[in-house]
Amino acid sequence: MNSYFTAILAVGLLSWCLAEQAGAQGSLGELRANVRQSRPSKEVQGSYRTFDDDDVFGDDDDGGFLSAILGGMISAAFSSSADSHDAHGGYAPPARTESVAWPEGYFPSYPYQGQNEGFMVLDRWSDQPLKMWSLQTRVEYADNFGDQSRIGGNFLFETTSRFGLDTDVNYRRESLAGGLKDSLWTGDSNLLFRFWQSPRLQQRVGVGVNWLSDNISQEYGWNLTYNSDWRLRRPWVISSEIDYGGLGGASLFHGRLTTGLQWNRVEIYIGYDYYEVGSVQLDGMVSGLRFFF
């Protein structure tokens, strides 16, 4: 009889341990599994999948998917004439630079400074002090009002040449069953090109690298990005961002939309952020501060 109860106790204890282990595999654990899934056509070293040029520029199997998309972006950016204005007096790059001047955009110290109606001046002879570069940093907190939260930061550097750099860093945390915690880091870095500019509206496209880091290893993948800032009227700002690419062995999609209020060098904003890797979706409300230097 004692051995019978001992067997029941052992089975129950084993079942409880397995349930705890399954519970510990939350959304971040599933994200890791999606990212680190092996693909026969790629070299795999343990749980780490190597990153090579074919992941970015395409190989014979995928037909150079990214190259085709980038070609379409560049073609679209240069298809508009420079003397075509948007509703706010914006310019796209000229189709033929030898016959039409390419307007340059200059930056005040921050949006709506002085009499500026936005965050760009297309007249280099303006009487107001202007810069040939802009630096913005962003700190934010996101939460799904459940078991997931995120602390993020962003760095955006732009120049009059229309080229710039963009970097995102995010610390993601999740509460698991049994009081356990899980966490990892994600982010991306991109080379940007501002294909549309006006005092109130700036739109950018770019290409770069996605990454994930935890206590196991680091994973990488390619990224295409689009983002925009629309300053309707003082002090309102509407910003959007879309990322599409890969991370390890999984596809990646990211989208966000925020509404903010500008006060001198600081913008306070609130919005929604959606992040999907493979079959895992992480989303939630986001709020934060953006600083201009």
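This passage describes the overall makeup of a predicted protein model and then some of its residues and contacts.

The protein chain has 293 residues, of which 45% count as buried. Its secondary structure comes to 4 helices and 12 strands. Among the contacts with a separation of 6 or more, 50% are accounted for by residues 24 or more positions apart. The chain exposes about 15100 Å², and carbon and sulfur atoms supply 61% of this area.

The confidence of the prediction was also examined. The mean pLDDT of the protein chain is 79, with 69% of the residues reaching 70 or more. Over residues 4-24 the pLDDT is below 50, and this stretch has 6 contacts in the model beyond near neighbours in sequence. Residues 39-70 likewise have a pLDDT below 50, and 49 contacts beyond near neighbours in sequence were counted for that stretch.

Helix α2 spans residues 27-35, and 7 of its 9 residues are buried, so the helix is largely enclosed by the rest of the structure. The buried residues of α2 are Ser27, Leu28, Gly29, Leu31, Arg32, Asn34 and Val35. Arg32 also takes part in a salt bridge, its side chain meeting that of Asp214 at 2.6 Å, N to O. This pair links distant parts of the chain: Arg32 belongs to helix α2, whereas Asp214 lies in the loop between β7 (201-213) and β8 (218-230), and 182 residues separate the two. Both Asp214 and Arg32 are buried.

In total, the count of salt bridges comes to 16. Two of these involve Glu158. In one, the side chains of Arg194 and Glu158 meet at 3.2 Å, N to O. Because Arg194 lies in strand β6 (residues 181-197) and Glu158 in strand β4 (residues 148-159), the pair ties together parts that are 36 residues apart in sequence. Arg194 has a relative accessible area of 0% and is therefore buried. Glu158 counts as buried as well, because its relative accessibility is 4%. In the other salt bridge, the side chain of Glu158 meets that of Arg204 at 2.7 Å, N to O. Here too distant parts of the chain are linked, with Arg204 in strand β7 and Glu158 in strand β4, 46 residues apart. With a relative accessible area of 2%, Arg204 is buried. Elsewhere, salt bridges form a network that links Arg138, Glu140, Arg150, Asp168, Arg256 and Asp273.

Strand β11 (residues 266-277) contains Tyr269. The relative accessible area of Tyr269 is 4%; the residue is therefore buried, since the cut-off for burial is under 20%. The surroundings of Tyr269 include residues from several parts of the sequence: not counting residues up to four places away, Tyr269 touches Arg138, Val139, Glu140, Arg256, Thr258, Thr259, Gly260, Val286, Ser287, Gly288, Leu289 and Arg290. With Arg138, the contact is also polar, the two side chains approaching to 3.5 Å. The C-alpha atoms of Tyr269 and Trp236 are separated by 9.7 Å, although these residues are 33 residues apart along the chain.

Arg290, one of the residues touched by Tyr269, is placed in strand β12 (residues 280-292). Arg290 counts as buried because its relative accessibility is 6%. Its side chain is joined to that of Gln136 by a polar contact of 3.0 Å, and to that of Ser239 by a polar contact of 3.1 Å. Leaving aside neighbours within four places in sequence, the residues in contact with Arg290 also include Thr137, Arg138, Asp229, Arg231, Val237, Arg265, Val266, Glu267 and Tyr269.

Strand β11 also holds Ile268. Unlike the buried Tyr269, Ile268 counts as exposed, because its relative accessibility of 51% is over the 50% cut-off. Ile268 belongs to a nonpolar patch on the surface, formed together with Val139, Trp230, Leu232, Trp236, Leu261 and Leu289. The accessible area of these patch residues together is about 600 Å². Two members of the patch, Val139 and Leu289, are also among the residues that Tyr269 touches.

Technical notes: Residues are numbered from 1 along each chain as its sequence is written. This is a predicted model: local features need pLDDT of at least 70, side-chain atom pairs count only at pLDDT 80 or more; totals for chains, interfaces and linings use all residues. Side-chain values use heavy atoms; hydrogens and water are left out. Buried means under 20% relative accessible area, exposed over 50%, partly exposed in between (1.4 Å probe, protein chains only). Contact means heavy atoms within 4.5 Å. A polar contact is a pair of N or O atoms within 3.5 Å; within protein, one must be able to donate a hydrogen and the other to accept it, and residues adjacent in sequence count only if both atoms are side-chain atoms. Accessible areas come from the Shrake-Rupley method with a 1.4 Å probe; for residues, only the protein chains shown count as cover. Patches are made of residues with over 30% relative accessible area and no salt bridge: like charges are joined within 9 Å, nonpolar side chains (Val, Leu, Ile, Met, Phe, Trp, Tyr) within 5 Å. A salt bridge is a side-chain nitrogen of Lys or Arg within 4 Å of a carboxyl oxygen of Asp or Glu. pLDDT is the predictor's confidence in each residue, from 0 to 100.
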